[in-house]
Amino acid sequence: MNSSADSPTRLDVEMVVNGEPVRRAIEARTLLIDFLRTELGLTGTHNGCSYGVCGACTVLVNGVAARSCIALAAQLDGATIETIESVSHTERGQEILETFSRCRGLQCGFCTPGVVMTLVELDRRIETPNRDEIEDSIDGHLCRCTGYAGIKEAVDQTLGRVGR
Ligand code: FES
Ligand code: FES
């Protein structure tokens, strides 16, 4: 006879991910990042620390930037999720990605999906964010490569703050 430890509880979860309805039976302990990467094959969301510190795993949950490495997928039943894979499908998303490339806002690119998702949220939420709002948003993202200058330039250009 199997013990409960051998048969972890599975839960039906439904979400809308990048505009597509999805439904899976998952273990209750499944993290959102693993749901996205393993169940759905959306590997653009990266796991840098697993502790909610680096920001690499940032996605939008019901339009709000959130760390998918510390969120249980089962708690997000019914949620709308947006990942980096959705960004290039919009004109504004294309502009953001091109700006990052032009400003050299990335080198290895590991942190980039998380930074871009935070920027997408900020871009939608505040029409003209001030310096503090911009700094607060990107403060929670760690980058080992760029020294942040290119990222900040890309963020400023995306938000139209160049020269202000
Ligand atoms: S992987 Fe989630 S914050 Fe670092
Ligand atoms: S570009 Fe390499 S970690 Fe940010």
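1. A good place to start is the seam between the two halves of this predicted model. Here 18 residues of domain 1 are in contact with 12 residues of domain 2. On the domain 1 side of that seam, β3 and β4 are the elements that give two or more residues, and β3 has the largest share, with three. By character, the domain 1 residues that touch domain 2 come out as seven nonpolar, 10 polar and one charged.

2. For orientation, domain 1 runs over 10-83 and domain 2 over 86-158. If you take the centres over C-alpha atoms, the two domains sit 21 Å apart.

3. Now to the interior. The largest nonpolar core has 36 residues, and the members that touch the most others are Leu31, Leu32, Val116, Met117 and Val120. At least two core residues come from each of β1 (10-17), α1 (32-39), β3 (58-61), β4 (64-67), α2 (84-87), α3 (91-102), α4 (112-125) and α6 (149-158). Among these elements, α4 supplies the largest share, five residues. Because domain 1 and domain 2 both give residues to this core, it lies between them.

4. Val116 deserves a click in your viewer. Leaving out residues up to four places away in sequence, Val116 touches Ile84, Val87, Ile96, Leu97 and Phe100. Val116 is also one of the core residues that touch the most other members.

5. On the overall fold, the protein chain has six helices and five strands. Followed along the sequence, they give the pattern β-β-α-β-β-β-α-α-α-α-α. The radius of gyration is 17 Å, close to the 15 Å from the globule rule for 164 residues, so the chain is as compact as a globular protein of that length. For box set-up, the C-alpha trace spans about 70 × 30 × 25 Å along its principal axes.

6. Two whole-chain figures may be handy for your notes. Of the 164 residues in the protein chain, 34% are buried. Counting contacts with a separation of 6 or more, 57% join residues that are 24 or more positions apart.

7. How far does α3 reach from its first C-alpha to its last? The helix has 12 residues and reaches 16 Å, close to the 16 Å expected at 1.5 Å a residue. Just after α3 comes Arg104, with a positive phi of about 55°.

8. Some further backbone angles are worth a look. As background, most residues other than glycine have a negative phi. Asn18 goes the other way, with a phi near 50°. Asn18 belongs to the loop between β1 and β2 (20-27). Is Asn18 buried, exposed or partly exposed? Asn18 has 19 other C-beta atoms within 10 Å, and the cut-off for buried is 20 or more, so Asn18 counts as partly exposed.

9. Ser50 is a similar case to check, since it has a positive phi of about 70° although it is not a glycine. Where is Ser50 found? Its place is the loop between α1 and β3. Ser50 has 14 C-beta neighbours inside 10 Å and therefore counts as partly exposed, given that exposed needs 12 or fewer.

Key
Residues numbered from 1 in each chain as written. Chains lettered and ligands numbered in written order. Predicted model: local features only at pLDDT ≥ 70, side-chain atom pairs only at ≥ 80, totals over all residues. Core = buried A, V, L, I, M, F, W, Y, C linked by C-beta atoms within 7 Å. Helix = DSSP H or I, 4+ residues; strand = E, 2+ residues; numbered from the N terminus. Domains from an automatic or database assignment. Contact = placed C-beta atoms within 7 Å. Nonpolar A, V, L, I, M, F, W, Y, C, P; charged D, E, K, R; others polar. Expected span 1.5 Å × (residues − 1). Rg over C-alpha atoms; globule rule 2.2 N^0.38 Å.
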